[in-house]
Amino acid sequence: MKSEPSEVSIDDLASRKSVPWFGVRNYQARNFMRDQMQVGDQAFFYHSSCAEPGIAGICEVCAPAHPDSTQFDPDSPYFDAKSSAGNPRWVCVDVRFVSKTRLIPLTELRQHGELAGMQLLQRGNRLSITPVSSAEWQYITERLMRGKDRG
DNA sequence: GCCAACGTTGGC
DNA sequence: GCCAACGTTGGC
């Protein structure tokens with residue numbers, strides 16, 4: 001799950017009980033949250049659009065998909081005039097902090113052939129939420145996150 | 001700021 | 001339904 005750290009960083013997540021994954025305005029990413037993600041599922045927390053993009057930690061889904069309140073807020077950059085309370089277009093799950101890991105840069109992820117199939121790493125990928133296979137999850141958590149914690 | 005890639009929109 | 005134009009994402 002990608003987040004711009006200037007909006008919500010792994011430290012921001014750690015300081016809060018939970019955070020709604022607001023602002024997703026892409027149907028595929030929305031559908032992942034609505035149809036695939038369940039309470040208890042874990043995800044990599046990825047810092048995007050920043051100096052050092054990469055995986056910064058792990059989070060866990062703690063509430064199933066519900067309407068994203070920012071779509072109804074005219075002052076929000078995520079406001080959607082075509083959505084309505086009766087028929088909300090955008091939903092989001094809530095996530096909570098699990099752990100902060102060393103920052104695993106995108107460039108490092110690309111160096112591992114075992115991860116070449118990750119949707120995150122595919123050319124032109126723009127989805128803010130992408131699936132991770134169990135093999136990929138295992139490889140990253142057991143082999144890449146085992147290094148010294150550099151904060 | 002550039003630009004590749006891809007999603008959305010809207011005229012037809 | 002096609003497709004050109006336009007907008008957005010996000011790494012670099």
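How do the residues of the surface near DNA strand B divide into nonpolar, polar and charged? They come to one nonpolar, two polar and three charged, where near means having a heavy atom within 4 Å of the strand. Here Ala, Val, Leu, Ile, Met, Phe, Trp, Tyr, Cys and Pro count as nonpolar, Asp, Glu, Lys and Arg as charged, and the others, Gly among them, as polar.

This is a predicted model, in which local features need pLDDT of at least 70 and side-chain atom pairs 80 or more, while totals for chains, interfaces and linings use all residues. Residues are numbered from 1 along each chain as its sequence is written, chains are lettered from A and ligands numbered from 1 in written order, and side-chain values use heavy atoms, without hydrogens and water.

**View 1. The surroundings of DNA strand B.** Around the strand sit Tyr27, Gln28, Lys82, Arg123, Gly124 and Arg126. Of the strand's atoms that come within 4 Å of the protein, 72% belong to sugar and phosphate.

**View 2. Two arginines at the strand.** Arg123 has a polar side-chain atom 2.4 Å from a phosphate oxygen of DNA strand B. Arg126, for its part, places a polar side-chain atom 2.7 Å from a base oxygen of that strand.

**View 3. The fold of chain A.** Chain A has four helices and five strands (DSSP runs: H or I of at least four residues for helices, E of at least two for strands). Along the sequence, the pattern reads β-α-β-α-β-β-β-α-α.

**View 4. Inside chain A.** Of its 151 residues, 44% count as buried, meaning under 20% relative accessible area with a 1.4 Å probe, protein chains only.

Methods: A polar contact is a pair of N or O atoms within 3.5 Å; within protein, one must be able to donate a hydrogen and the other to accept it, and residues adjacent in sequence count only if both atoms are side-chain atoms. Buried means under 20% relative accessible area, exposed over 50%, partly exposed in between (1.4 Å probe, protein chains only).
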